[in-house]
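The following exchange examines the terms used for a protein model and the grounds for each. Please consider the sequence and structure first.

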Amino acid sequence: MKAPEDGGGKDRRMAYIYMARCTDASLYTGIAKDVKQRLKEHYYKKKSGAKYTRSRQVQSLEMVWETEEWSDAAKLEIRIKRLAKSQKEELILHPEQVSEKFGKALEGISYYPRPELTLEGCLGL
């Protein structure tokens with residue numbers, strides 16, 4: 001299956017896993033059905049955004065992966081959150097290796113890197 005060309009939309013069934021860098025150099029990992037809307041919530045510190053990003057300014061969108069099912073996105077999100085920061089940085093450099101990094105736990109699930117998605121693009125800047 002080829003990954004769709006846009007970055008989300010409420011009528012889509014795709015789910016997104018994303019990693020955002022904050023101004024304190026920390027990495028926030030989350031999932032969303034509409035990654036553009038979710039990044040706006042984080043960036044503009046909306047109440048619907050994460051508590052973590054309300055206390056730290058999102059600076060950049062480091063990586064986004066797309067998958068077909070919300071449950072598959074949640075499986076990847078929890079595994080990324082368990083990684084050390086150095087391992088997260090390595091995953092950002094080699095996003096295509098996400099499935100093989102976690103082995104059998106994610107076997108049979110397709111994750112499509114979406115490096116063309118940027119914070120600026122999501123915010124419409």
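Q: What pattern does the protein follow along the sequence?
A: The order is β-β-α-α-β-α-α-α-β-α, that is, six helices and four strands. Helices (H or I, at least four residues) and strands (E, at least two) are DSSP runs, numbered from the N terminus. This is a predicted model, in which local features need pLDDT of at least 70, side-chain atom pairs count only at pLDDT 80 or more, and totals for chains, interfaces and linings use all residues. Residues are numbered from 1 along each chain as its sequence is written, and side-chain values use heavy atoms, with hydrogens and water left out.

Q: Why are Lys88, Leu91 and Ile92 placed on the same side of α4?
A: These three residues of α4 (85-93) are buried, meaning under 20% relative accessible area with a 1.4 Å probe, protein chains only, whereas exposed means over 50% and partly exposed lies in between. They cover an arc of only 105 degrees around the axis, so they share one side; the arc is that of the directions from the helix axis to the C-beta atoms. The face turned away carries the exposed Ser86 and Leu93.

Q: What makes the set containing Leu76 a nonpolar core?
A: A nonpolar core is a set of buried Ala, Val, Leu, Ile, Met, Phe, Trp, Tyr and Cys residues joined through side-chain atoms within 4.5 Å. The largest has 18 residues, and Leu76 is one of those that touch the most other members.
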